[in-house]
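Me: Please take a close look at a single part of this model and walk me through it slowly. I would like to follow how each statement is reached.

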Amino acid sequence: MDELKPDHRRCIRLAFFDGLTHSQLAERLGMPLGTMKSWIRRGLLGLKGCLGG
């Protein structure tokens, strides 16, 4: 997780460890829903890259 950009890392933590939905994250962080979805997707792709997948 430390390899990810801070914004992406924070979103993934809130989504997967705190169980927030994309919509809840967007509202909580004051971001557009599309941006939130993109950040989570990019973060997950970054994690995949770190794991060699």
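Reply: A residue counts as buried when its relative accessible area is under 20%, as exposed when that area is over 50%, and as partly exposed in between. This is a predicted model, and with those limits in hand we can turn to Cys50, which has a relative accessibility of 46% and therefore counts as partly exposed. Cys11, by contrast, is buried, because its relative accessible area is 0%.

Why is Cys50 not bonded to Cys11? A disulfide calls for a pair of cysteine sulfur atoms within 2.5 Å, whereas the sulfur of Cys50 lies 17 Å from the closest cysteine sulfur, that of Cys11, and so is too far away for a bond. The count of disulfides accordingly comes to 0, and Cys11 takes part in none.

Cys50 also leads us to a helix, since helix α3 covers residues 33-50. Two packed helices are described by the angle between their axes and the distance between the axes. Helix α2, residues 22-29, packs against α3 at an angle of about 115°, and their axes are 9 Å apart. Because angles of 65 to 115 degrees count as roughly perpendicular, α2 is placed in that class relative to α3. The crossing of α2 past α3 is right-handed. On the α2 side, the contact is made by His22, Ser23, Leu25, Ala26 and Leu29, while α3 contributes Leu33, Met36, Lys37 and Ile40. Sorted by class, this contact of α2 with α3 holds 6 nonpolar, 2 polar and 1 charged residues.

Methods. Residues numbered from 1 in each chain as written. Predicted model: local features only at pLDDT ≥ 70, side-chain atom pairs only at ≥ 80, totals over all residues. Heavy atoms only, no water. Buried < 20%, exposed > 50% of the residue type's maximum accessible area, 1.4 Å probe, protein only. Axes fitted to C-alpha atoms, helices over the stretch in contact; angles between N-to-C directions. Helix = DSSP H or I, 4+ residues; strand = E, 2+ residues; numbered from the N terminus. Parallel < 35°, antiparallel > 145°, perpendicular 65-115°, else oblique. Left-handed = near helix turned anticlockwise from the far one by under 90°. Contact = heavy atoms within 4.5 Å. Nonpolar A, V, L, I, M, F, W, Y, C, P; charged D, E, K, R; others polar.
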